[in-house]
Amino acid sequence: PAPPPRGGGGGGGEEKLSKEDLQKLVEAAKDGRVMFEGDVERESKELEDEEQLPNTEGTAAERCVAGLTLAKETMEQGHVAASLNMTEAALRRAYKEGSKEDEELLKVLAEGHLIAGTVRQRMGAWDAALVHLKTAIENFPDAVAANPAFYYGAGASYAVLGNLKDALHMFSMCSVIVNESEELYAGYPWLRLVLPINIGQTLLRMGRATEALDNLRSAFEEAKTVDEEMMALARPAILYYVALSRAALEQHDEACETWGEWEGTHSTVEEQLLETNWRERWRQHYVRSLVLAAGGKPRGSPEWRATMDRGAEQARLLTEEFGGLGRAWWMRADCLSSLGDAEGALECYRKVMTAADAPDGGFPDVRYQTGQCLLQLGRAAEAEAMFEEELNVSRVQHSKAHPRASAGLAAALCEQGGEERYERADKLLREAIEGLKGRTTARELAERADCVTIRAYLLGL
């Protein structure tokens with residue numbers, strides 16, 4: 001795109017400043033500003049940006065407003081980077097020309113930092129955005145106190161950067177500002193919904209699920225008081241994090257209920273807002289919650305069967321919508337395997353092995369699970385080959401044999417019979433049992449139990 005027009009003071013015939021003069025400008029500009037420090041080359045570029053600003057008459061505040069106005073117009077034309085350069089150039093010029101005693105200028109500077117921070121966020125430069133917003137919060141408290149967007153923006157930046165403690169503090173400060181005045185509260189209706197959601201999400205990421213659930217319930221109550229369009233935008237996010245909070249608290253039946261409710265929240269407006277991977281994650285969470293909810297019921301009971309059937313159906317929908325994802329087929333395979341459908345599970349595990357999103361070396365355990373399905377179907381020779389492959393992969397990746405794969409291979413050898421196969425199976429099982437001695441995790445204990453059970457069966461043969 002064409003560069004924005006230059007201001008009246010940027011004539012091409014002007015003599016360029018020497019490095020010494022530039023350095024003097026840098027030192028003079030440092031007084032009262034936290035940002036924009038750098039080497040001479042950078043300062044030279046910054047001065048070039050300042051030349052593009054309107055060369056209007058007036059106070060430092062008025063000249064800064066003129067620069068910010070041009071930056072906004074440039075943004076509306078789609079020139080994001082050029083708009084950012086102008087905004088920061090307008091701020092630099094104002095710092096050089098203005099005074100700390102000029103209250104009007106301080107308000108304009110705060111607004112300029114908010115604009116620059118917002119643009120930086122749009123560009124994905126969250127750390128740079130945070131510098132702008134913190135500069136305003138720390139240096140212009142009177143101007144910031146009237147606008148909760150400063151704290152909200154800083155909270156969002158902290159959250160993206162993973163500093164959850166400071167994110168929660170900023171969101172809480174924003175909430176205080178909004179609730180201190182009924183007039184402000186009415187002026188920022190979106191904050192009534194977004195703030196409790198963000199606070200709840202942050203608390204959930206911090207492992208404080210009970211507090212997160214309380215804040216999200218508060219957001220849900222607020223959602224009932226706003227217009228229908230805003231409710232349509234907010235409700236999916238509220239339900240999403242309510243369900244995650246319930247899952248974190250191991251309230252799996254309640255989480256399933258909420259995931260099911262989330263499915264009915266789609267609207268044209270909401271579909272435009274949410275990313276596609278929200279739906280993918282939602283279905284994955286829904287399937288996982290259904291499987292965990294089934295785990296709390298007596299295996300084989302009508303309640304267990306009904307819950308697992310729902311899980312299998314949601315997993316089927318997941319593979320239909322996101323069929324290229326191995327993790328989608330994996331979840332469906334697990335559900336079918338639990339329900340005793342070895343043929344269906346086998347087909348799904350084979351799709352996992354050829355999925356585009358498979359990590360290097362493939363999904364862990366997929367060959368083992370495939371071998372188990374083959375074994376259940378009476379195809380012991382094919383199962384043997386699959387367990388052999390799993391053992392070879394585990395030796396390369398982990399420098400040791402996979403105990404479960406050893407047990408599976410031993411079982412496949414036993415099914416086929418023959419003295420040589422029995423002897424090899426016994427050797428595999430003894431090595432696996434010896435390797436698991438002293439191990440205490442639930443998985444390791446289960447693996448050792450599998451090996452002991454199969455060896456007992458083998459010795460009986």
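Modeller: Let's open with a term: a contact means heavy atoms within 4.5 Å. Asp-426, for one, touches Arg-455 and Leu-458, once residues up to four places away in sequence are set aside.

Biologist: Before I lean on that, what sort of model is this?

Modeller: It's a predicted model, where local features need pLDDT of at least 70 and side-chain atom pairs count only at pLDDT 80 or more, while totals for chains, interfaces and linings use all residues. Residues are numbered from 1 along each chain as its sequence is written, and side-chain values use heavy atoms, with hydrogens and water left out.

Biologist: How many helices and strands are there in the chain?

Modeller: Both are DSSP runs numbered from the N terminus: helices are H or I with at least four residues, strands are E with at least two. This chain has 24 helices and zero strands.

Biologist: And what share of the residues counts as buried?

Modeller: Buried means under 20% relative accessible area, exposed over 50%, and partly exposed in between (1.4 Å probe, protein chains only). Here 47% of the 461 residues count as buried.

Biologist: How much of the contact list comes from residues 24 or more positions apart?

Modeller: Among contacts with a separation of 6 or more, such pairs account for 58%.

Biologist: Let's try single residues. Is Ser-406 buried or exposed?

Modeller: Ser-406 is in helix H22, residues 403–416. It counts as buried because its relative accessible area is 3%. Leaving out neighbours within four places in sequence, Ser-406 is in contact with Leu-391, Ala-401, Leu-428 and Ala-432.

Biologist: And Ala-356, buried or exposed?

Modeller: Ala-356 is exposed, since its relative accessible area is 77%. You'll find Ala-356 in the loop between helix H19 (342–353) and helix H20 (366–376). Sequence distance and spatial distance are worth reading side by side there: Ala-356 and Leu-325 are 31 residues apart in sequence, yet 6.6 Å apart in space, C-alpha to C-alpha.

Biologist: Any example of the in-between class?

Modeller: Glu-104, in helix H5 (residues 103–122), counts as partly exposed because its relative accessibility is 48%.

Biologist: Can I read a whole helix that way? How many residues of H20 are buried?

Modeller: Nine of the 11, so H20 is mostly covered. The buried ones include Val-366, Tyr-368, Cys-373 and Leu-375. Arg-367 and Gln-369 are on that list too.

Biologist: What covers the buried residues of H20?

Modeller: The cover includes helix H18 (326–338), H19, helix H21 (380–398) and H22. When you trace the chain past H20, look for Gly-378, which follows the helix and has a positive phi, near 80°.

Biologist: Now charges. How do I read a salt bridge?

Modeller: Side chains of opposite charge can pair when their charged atoms come close. The cut-off here is a side-chain nitrogen of Lys or Arg within 4 Å of a carboxyl oxygen of Asp or Glu. A search of the whole structure finds 21 salt bridges.

Biologist: Which residue does Arg-327 meet in a salt bridge?

Modeller: Arg-327 meets Glu-280, at 2.7 Å from N to O. That pair links distant parts of the chain, with Arg-327 in helix H18 and Glu-280 in helix H16 (residues 276–295), 47 residues apart. Arg-327 is partly exposed at 34%, whereas Glu-280 is buried at 9%.

Biologist: And which residue forms a salt bridge with Arg-424?

Modeller: Glu-388 does, with the closest N and O atoms 2.5 Å apart. Again distant parts of the chain are linked: Arg-424 sits in helix H23 and Glu-388 in helix H21, 36 residues apart. Both ends are partly exposed, Arg-424 at 34% and Glu-388 at 21%.

Biologist: Back to Asp-426, then. Where is it, and which side chain meets it in a salt bridge?

Modeller: Asp-426 is in helix H23, residues 419–435, and its partner is Arg-430, at 3.1 Å from N to O.

Biologist: Why are Arg-430 and Asp-426 separated by about one helical turn?

Modeller: An α-helix has 3.6 residues a turn, so residues three or four places apart point the same way. Arg-430 and Asp-426 are about one turn apart because four residues separate them in helix H23. Asp-426 is buried at 16%, while Arg-430 is partly exposed at 43%.

Biologist: Which residues are linked in a network of salt bridges?

Modeller: Asp-365, Arg-404, Arg-443 and Glu-447 are linked that way.
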